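Trainee: I have this one open on my screen and would like to talk it through. Could you walk me through the helix packing and any internal space?

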Amino acid sequence: MEAIAPERTLSAWIVTYKKIISEREVKPKTLQDKGLWLGYLEAAFGNRIIDSIMPFELAAMAKKVAETGKQTAARRIIIEAKDLFYEALLNGLVFRNPADSVRPIKPKIKRRRLTLESWQDMYALAPNGSIQRRMLLLSLVSAQRRADLCTARFADVQDGHLHVIQQKTGRHIRIPTTLRLDAIDVSLQDAIEECRLAAKGSPYMLPMRKGNQSPPHRLTNLFSECRKTVTISVDSGQSLPSLHEVRSLAERLYRHQGVDTQTLLGHKFPRTTNLYNDDRGLSAGEWKTVRLQMPNMHSGDHRSDS
């Protein structure tokens with residue numbers, strides 16, 4: 001049997017491809033994720049000649065990953081494969097992109113949305129003055145991601161606005177501290193002041209006990225503690241809401257008020273914000289009242305900024 005030239009294998013091309021994507025303007029977390037998806041491809045086809053890999057083989061591999069419950073991973077693997085083979089096409093290693101013919105896998109939504117009633121129950125049962133209570137309030141009123149809640153400082157409040165540089169996207173957002181969530185009648189300024197009273201000199205709004213910055217997993221654990229105090233029903237195959245679902249709840253509540261939630265959440269494309277607005281069946285069977293006036297929001301570009 002003729003030996004395979006190492007430079008023609010998928011593994012060899014992945015080494016070059018990683019150099020290509022490292023020169024793009026992407027965040028370290030994105031590169032880390034891409035490395036994970038490439039790991040799946042290399043494990044399955046690493047020793048194969050790159051132009052011998054067929055669409056049906058990629059589809060079968062992705063299906064196998066999806067059947068383990070990792071539908072999102074299976075989808076991302078195919079997306080990464082398309083870029084991997086596109087660069088190989090430009091470099092003359094293949095004559096067609098096999099991933100272009102693979103149908104995308106639509107992930108099954110497993111996580112249940114959080115309702116306002118469940119949030120209110122958790123908030124009411126959280127001990128007065130506790131970080132759990134402040135976290136629930138700040139996360140809902142600000143509508144920011146977990147990582148941005150961890151880095152939020154009192155010094156970020158300037159000229160009547162909370163300034164947020166979102167860690168995931170790098171977007172710069174100025175949120176008026178007068179922003180009020182009508183559903184609970186609390187303003188962003190109110191939430192910040194509650195944090196300030198308990199901060200004991202820490203520059204962070206949700207600090208550790210010694211005043212230093214909280215790591216993201218701590219907020220996740222605090223939310224899990226709050227969630228255990230209430231009863232949330234889930235359908236078969238669903239998982240309980242996570243802290244991130246507070247952000248989705250905030251989007252739905254603020255949009256109902258007419259707030260520009262696309263800018264508030266820091267999304268580049270309206271489609272991403274619309275995904276947060278989907279309550280995944282929570283309001284099924286409820287009557288929807290036609291509003292006579294509604295701001296013209298979230299129309300236009302239908303791409304997603306993931």
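Mentor: We will go through some helix pairs and then the internal cavity, bearing in mind throughout that this is a predicted model.

Trainee: OK, start with H1 and H2: at what angle do they pack?

Mentor: Helix H1, residues 10-22, and helix H2, residues 28-45, pack at an angle of about 170 degrees, and their axes are 10 Å apart. Because angles over 145 degrees count as roughly antiparallel, H1 is described as roughly antiparallel to H2.

Trainee: Which residues make that contact?

Mentor: On the H1 side they are Leu10, Ser11, Ile14, Tyr17, Lys18, Ile21 and Ser22, while H2 contributes Leu31, Lys34, Leu38, Leu41, Glu42 and Phe45. Sorted by class, the contact of H1 with H2 has eight nonpolar, two polar and three charged residues.

Trainee: And how does H2 sit against H3, what's the angle there?

Mentor: H2 packs with helix H3, residues 55-66, at an angle of about 120 degrees, with the two axes 11 Å apart, and H2 and H3 are therefore oblique to each other. The handedness of this crossing is right-handed.

Trainee: Which side chains should I click on for that pair, meaning which residues meet?

Mentor: Look at Tyr40, Leu41, Ala44 and Phe45 in H2, which meet Glu57, Leu58, Met61 and Val65 in H3. The contact of H2 with H3 comprises seven nonpolar residues, no polar ones and one charged residue. Leu41 and Phe45 of H2 are also listed in the contact with H1, so you will find these names in both lists.

Trainee: Switching topic, how do H6 and H10 cross?

Mentor: The axes of helix H6, residues 131-142, and helix H10, residues 244-257, come within 7 Å and cross at roughly 45 degrees, which makes H6 oblique to H10. H6 passes H10 in a right-handed crossing.

Trainee: What is the contact made of?

Mentor: From H6 it takes Ser139, Leu140 and Val141, and from H10 it takes Val246, Leu249, Ala250, Leu253 and Tyr254. Seven of these residues are nonpolar, one is polar and none is charged.

Trainee: Now the empty space: how many cavities of 30 Å³ or more are there?

Mentor: A search of the whole structure finds one, and the largest cavity has a volume of about 50 Å³.

Trainee: Which residues line it?

Mentor: The lining of the largest cavity consists of Ser139, Gln144, Arg145, Arg146, Leu149, Leu243, His244, Val246 and Arg247. By class, that lining divides into three nonpolar, three polar and three charged residues.

Trainee: And which helix gives the most to the lining?

Mentor: That is H10, with three residues, although helix H7, 146-151, and H10 each supply at least two.

Note on methods:
Residues numbered from 1 in each chain as written. Predicted model: local features only at pLDDT ≥ 70, side-chain atom pairs only at ≥ 80, totals over all residues. Heavy atoms only, no water. Axes fitted to C-alpha atoms, helices over the stretch in contact; angles between N-to-C directions. Helix = DSSP H or I, 4+ residues; strand = E, 2+ residues; numbered from the N terminus. Parallel < 35°, antiparallel > 145°, perpendicular 65-115°, else oblique. Left-handed = near helix turned anticlockwise from the far one by under 90°. Contact = heavy atoms within 4.5 Å. Nonpolar A, V, L, I, M, F, W, Y, C, P; charged D, E, K, R; others polar. 1 Å grid on protein atoms, 1.4 Å probe; cavity = no way out; pocket = protein on both sides within 12 Å on 5 of 7 lines; lining within 4 Å. Points joined across faces, edges and corners; volume = space filled by probe spheres on them.
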